[in-house]
Amino acid sequence: MPVPAGYIPGFYCTLATCSTGLVCALMLLGLASEALGYIARILININPFYRAYFLRYLTCLTIGPVFIVAAIYLCLGRIIFIYGEKISRIRPRSYTLFFMGCDVVSLAVQAVGGGIAASAPLTNQPMINLGTHILVAGLSLQVASLFVFSVCCLEFLYRVQYQKAPPNPKYVDLYSSPRFKLFLIALGIATACLFIRTVFRSVELSGSFTGKVMVLVACICLIVMHSGIGFGDQ
């Protein structure tokens with residue numbers, strides 16, 4: 001790895017040597033999309049029958065996590081480099097290109113689906129359903145990508161723990177530090193949360209914008225654990 005100009009020995013990063021770069025940009029895009037979605041959700045309280053607010057809320061909160069997932073994808077290649085490329089079955093760059101490619105395709109499909117559903121008139125239910133199905137297809141691709149990504153991360157973690165060759169001694173201070181271990185834990189939790197959320201949203205939208213999946217789940221819960229069981233004799 002080439003040493004950037006202005007590198008200061010003993011420091012991992014400074015503003016002069018390390019760009020805040022693409023990860024920061026992706027996080028900002030994701031958070032901006034989430035913020036716009038929740039602003040639209042607040043505006044729904046003003047006029048719950050205004051379709052544009054609802055579609056902005058739904059589309060922004062659906063697409064926003066795609067950018068955050070992309071930021072997580074970028075981290076895997078760097079983590080592999082820190083521990084040592086020889087440990088991994090696949091080159092770090094290949095991981096990055098594959099998962100970022102999946103994310104771009106997922107984003108494009110979701111954007112197309114959301115655009116079709118948002119632009120279709122209310123009287124054209126088949127077109128709205130088509131847009132919703134395309135949106136769900138994009139979400140399903142994201143679910144599959146996140147699942148494969150999680151498997152690759154766990155497989156690499158296993159190889160780090162049980163491989164015969166030691167990790168890269170150059171970065172032993174970094175990967176042995178509590179800070180880095182907390183970062184890995186945070187990354188794992190973030191990935192799990194985004195995976196659960198994407199699965200939830202894809203199931204929620206599988207019945208179009210009027211899907212009853214979540215209501216069905218609520219009803220099943222209230223039947224299995226109904227109030228008579230909950231309160232008992234009290």
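Helices in this account are DSSP runs of H or I at least four residues long, numbered from the N terminus, and in that scheme Phe-81 belongs to helix α2. The model described here is a predicted one.

The protein contains eight helices and zero strands, so that, read from the N terminus, its elements follow the order α-α-α-α-α-α-α-α, with helices as defined by DSSP. Of its 234 residues, 34% are buried. Where contacts join residues at least 6 apart in sequence, 73% of them link residues that are at least 24 apart.

The unreviewed UniProt entry annotates "transmembrane region" over residues 12–33, 53–76, 97–122, 134–158, 179–200 and 212–232. Two of these spans can be set beside the computed secondary structure. Residues 97–122 are 88% helix and 0% strand, with end C-alpha atoms that lie 40 Å apart, while residues 134–158 are 100% helix and 0% strand, with a distance of 36 Å between the end C-alpha atoms.

Helix α1 (21–46) comprises 26 residues, which at 1.5 Å a residue should span 38 Å, and the end C-alpha atoms are indeed 38 Å apart, in agreement with that expectation. The buried residues of α1 are Leu-26, Gly-30, Ser-33, Glu-34, Gly-37, Ala-40 and Ile-44, and the elements that cover them include α2 and α3. In an α-helix there are 3.6 residues a turn, so residues three or four places apart point the same way.

Helix α3 spans residues 92–119, a run of 28 residues, and extends 40 Å from its first C-alpha to its last, close to the 40 Å expected at 1.5 Å a residue. Its buried residues are Pro-92, Tyr-95, Thr-96, Phe-99, Met-100, Cys-102, Asp-103, Ser-106, Gln-110, Gly-113, Gly-114 and Ala-117, and these pack against α1, α2 and α4.

Two aromatic residues of helix α2 (51–83) were examined individually. Tyr-57, which is found in α2, has a relative accessibility of 13% and therefore counts as buried, the cut-off for that class being under 20%. Beyond its neighbours within four places in sequence, Tyr-57 is in contact with Gly-37, Ala-40, Arg-41 and Ile-44; among the buried residues of α1 are Gly-37, Ala-40 and Ile-44. The C-alpha atom of Tyr-57 is separated by 9.4 Å from that of Ser-33, a residue 24 places away along the chain, and Ser-33 is itself buried in α1. Phe-81, also placed in α2, has a relative accessibility of 23% and so counts as partly exposed, since that class lies between the limits of 20% and 50%. The C-alpha atoms of Phe-81 and Arg-93, which are 12 residues apart along the chain, are separated by 9.6 Å.

Empty space left among the atoms can be located by rolling a probe the size of a water molecule over them. The second largest pocket holds about 620 Å³ of space. Its lining is formed by 24 residues, of which Cys-153, Leu-154, Leu-157, Leu-184 and Gly-188 are the closest to its centre. Helices α2 (51–83), α4 (125–162) and α6 (178–205) each contribute at least two residues to the lining of this pocket. By residue class, the lining of the second largest pocket consists of 18 nonpolar residues, five polar residues and one charged residue.

Conventions:
Residues are numbered from 1 along each chain as its sequence is written. This is a predicted model: local features need pLDDT of at least 70, side-chain atom pairs count only at pLDDT 80 or more; totals for chains, interfaces and linings use all residues. Side-chain values use heavy atoms; hydrogens and water are left out. UniProt positions are given in the numbering used here, feature names are shortened, and annotations may be inferred rather than shown by experiment. On a 1 Å grid over the protein atoms alone, a cavity is a set of points where a 1.4 Å probe fits but cannot get out, and a pocket is an open set with protein on both sides within 12 Å along at least five of seven lines; lining residues have an atom within 4 Å of a point. Grid points are joined across faces, edges and corners, and a volume is the space filled by probe spheres set on the points. Ala, Val, Leu, Ile, Met, Phe, Trp, Tyr, Cys and Pro count as nonpolar, Asp, Glu, Lys and Arg as charged, and the others, Gly among them, as polar. The expected span of a helix is 1.5 Å times one less than its number of residues. Buried means under 20% relative accessible area, exposed over 50%, partly exposed in between (1.4 Å probe, protein chains only). Contact means heavy atoms within 4.5 Å.
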